[in-house]
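Reader: I would like a close look at one part of this model, followed by an account of how other parts are built. Please keep to what can be read from the coordinates.

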Amino acid sequence: EEEDRELERYIYNLIQYERLPPHLKKRFENSQELWRAKVIKFSIRHQLRWKTNLVRTIVADERTYYVELVNFSRTNFMLYPYHISDVLVPGLKISPFKYYLEMMTTVMKNELSYDRLPNFTAADCVRLLGIGRNEYIDIMNKCRAKGWLWKMKKTIVKDLLPTVPCDIDIEYWWLVHLGVVSEEDTRTCNDMEKATVDHLLDTMDEGAKLAGTLDRNTIKSLYRKGLIFLDVPVYNEDYIAVPPLENFVMNRVSGDYFENLLYKIFVSTDERSSVETLAAVLDIEIEMVKSAISMYCRLGFAKKKNIEPISGLAHEMGSKWHNSWFDANHTSAKERMRSVPDKFIYESDETPSGIATPFIHRPISQDPMLTPSSFEITPHSRRIGFLFDYTLTALLMMGNLGPGLKSHAVTMYEVGKLSDESMDDFLNELDKVRETSEGEAQRYNDHAITLRKTIKFLRRNDQFNLKGCDGGIDMLRTERLATLEVSTRERILNQNYALLISMAPISCESPAVTSCIPPHIGPVIPEMNSPWFYLYLYKCAESGPMSCLFARGRRVRSLPPLFTNCDTVRLSSWNHEPLFVHASNLLPVLNDALLESPVIVQRYTSQPEKIRDVTFPFSETALLDQPDWDELELHPALQKLQVEFKLKNSFGFVRMIKVNESEWVPSDLHFGLSLADSRLNELISQKILSHKLLNEDSLSRQSRNSREISLRLLDFISDFQVEELDVDSGQIP
């Protein structure tokens, strides 16, 4: 992987074959032709501009290169390459609408599932074509109703697809470019549209025009006719906000370069950091970052924070904005403009004296940057980062808890982050969740209610003493953070957060977020979320449920005697959530699991009265005057764990199970805050305050302890782990 990144740097820096280091030449068998083929393939896959990249020295014909690029992108359902639309629209006459129309035609003729379209591509198709999942199914049903030969008739699909783009939202700070306009095209234009086309043509040497300086209805009409195309400018000094996602299509991820970049920036974007700062933290070429953010803004998934405001108060004399943009609801501004002198009023109707000017006459600015001097940058202080996994978003989405909450849940899953700026709205939605429900729905409600309590407890709590923390809280999904390179993730976490707290338990299928700086209350290494941790836990406690560890590849024909007369068995494999099965069903489940990894099988219980979660730090003496005190805190095994794991400076809970009439043993230890049990969550929160676990001294000790525990766990694993053995071909690997 590191070698691939090195290779990319050479291609981006226009390094010719002769200047490659020997180890890279060897990778291409010292063949310049193989190197050239790699450059072409890389350039097409990454949609690189021909004129400014290395591929120009290999592919002589620019048009041939772009045709191949478009064909590859469309075949692989990639987003339209808007960053080279200034070449594709005038040169190849391929607009975004035409690009997606041909893509949708191909998908339908091959009777592919709508889910084959990747998430962002599907969202852009909805925006331009108006074809979502329901519309797609409806069109396919109409096609099939034409008979089984419908795929052979080209016009059937074409007649059911739109002929012009949807009426999209255009922001006043977007840039308008003139496309390819023929005499025949102008015959379909009214006088206003012709005047605008002439204006764009006459001033083409001055560059693109801000949409806000042109009549809004006119440019929307010209866009639908395909006579103009739009650029969404992003500058180094811009600040970006990601509100809760609307109209996001959750299909699949394709893994192409631009989609990966979009998701990386999603989870890394911070409203308090400029685009330039974000690019530096991510260590990604700033032009690529700006292209990604431009796509967010185009799709409506992000907003610029520092653009010059436009409102009814902005149409004073000398305003550079066209009157048609002043109305907040994008309706006619005529009624709101009556108090303005006539010479500053634009009316879209024809007048006896001719046509009103469809644009503002003013000197064209060479720099369309819209950063008012009054824009205030929020000081960049650190926050608390609350780490969650996919299970939480699944519960919020499946629970039918309300459309507003679902929008936030989609944002948490897809963006991988819900920032403090969105937290007030999120809490308002959580406040609407009912306390009680029926059946399985109660579980969804409980998680939502406990999450609300957790956020309110952690956010702006004056009893915490976190240095350099503004009291805000960002929610971060571990799976999305894991897509970042380790060094990048460390820079982002260190820059933005004073403390990380994990939900407990966090899924063992989710990658652990390793962090010493900032301090992290949670599984700080992946091994702490694996069955290895069970074994180490039982060793330290000198106690635990009866367990049996089976090696990968073993075939089990009969169960050990320890599982006789056992109602419930917990089966835990590496990198998968534990399964709870009845002993009578254990053999087939166990043998299937052993095909992939080792498995630890344990006697367990399904009876709630035999399971108890005990919060730590544990008291060392009886606290009979405290109603919430649990006598199990004095259990010898828990007192040993408190010493071995140095639990006095951390928080979480240990799950105890009753194995006979009077014996309790520890089965699990989880660091962090529980979301599954509201009462357990409250007890942990009380201990955080009473033991002052979030002050600087306690967190400093906790960080040192986490490192020490991690090293001891890794030593334990190395003592019992063996090298992978060679096996005969007849054996299961």
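In the open sheet of three strands, what is the order of the strands, and in which sense do they pair, parallel or antiparallel?

Author: The model is a predicted one. The strand order in that open sheet is β2-β1-β3, and the pairing is antiparallel. β2 (209-210) and β3 (228-231) are the edge strands, each with pairing on one side only. Strand β1 covers residues 175-178 and is joined to β3 by four bridges, the two running antiparallel. Within this pair, L178 is opposite I228 of β3. As a general point, strands of a sheet pair through backbone hydrogen bonds, in either the parallel or the antiparallel sense.

The sheet belongs to a protein chain with 26 helices and 18 strands. Of the 733 residues in the chain, 51% are buried. Among contacts with a separation of 6 or more, 71% are between residues 24 or more positions apart. The chain exposes about 35,400 Å², and carbon and sulfur atoms supply 50% of that area.

A second antiparallel pair is made by strand β16 (residues 652-658) and β17, with seven bridges between them. The connection from β16 to β17 is a hairpin of five residues. One of the bridge partners can be named: R655 is matched with D668 in β17. Strand β17 (residues 664-671) is largely enclosed by the rest of the structure, because eight of its eight residues are buried. In a regular strand, side chains alternate between the two faces of the sheet.

Two helices can be described by length and cover. Helix α19 (residues 441-458) has 18 residues, which should span 26 Å at 1.5 Å a residue; the end C-alpha atoms are 26 Å apart, in agreement with that value. Of these 18 residues, 13 are buried, so α19 is mostly covered. Just after the helix, R460 has a positive phi of about 50°.

Helix α26 (residues 696-720) has 25 residues, and the distance from its first C-alpha to its last is 37 Å, close to the 36 Å expected at 1.5 Å a residue. Its buried residues include S698, L699, Q702, S703, I709, L713, F716 and I717. An α-helix has 3.6 residues a turn, so residues three or four places apart point the same way. The cover over the buried residues of α26 includes two strands, β9 (497-504) and β10 (520-521), and two helices, α22 (531-541) and α24 (636-644).

Loops supply two further details. I310 lies in the loop between β5 (303-304) and β6 (382-388). Leaving aside residues up to four places away in sequence, I310 touches Y172, W321, W325 and F326. W325 is 15 residues from I310 in sequence, and their C-alpha atoms are 7.7 Å apart.

The other detail is at the surface, where W148, L149 and M152 form a nonpolar patch with about 440 Å² of accessible area together. L149 is in the loop between α8 (133-144) and α9 (154-160). The relative accessible area of L149 is 39%, so this residue counts as partly exposed.

Conventions
Residues are numbered from 1 along each chain as its sequence is written. This is a predicted model: local features need pLDDT of at least 70, side-chain atom pairs count only at pLDDT 80 or more; totals for chains, interfaces and linings use all residues. Side-chain values use heavy atoms; hydrogens and water are left out. The expected span of a helix is 1.5 Å times one less than its number of residues. Buried means under 20% relative accessible area, exposed over 50%, partly exposed in between (1.4 Å probe, protein chains only). Contact means heavy atoms within 4.5 Å. Two strands pair if DSSP finds at least two bridges between them. Patches are made of residues with over 30% relative accessible area and no salt bridge: like charges are joined within 9 Å, nonpolar side chains (Val, Leu, Ile, Met, Phe, Trp, Tyr) within 5 Å. Accessible areas come from the Shrake-Rupley method with a 1.4 Å probe; for residues, only the protein chains shown count as cover. A salt bridge is a side-chain nitrogen of Lys or Arg within 4 Å of a carboxyl oxygen of Asp or Glu.
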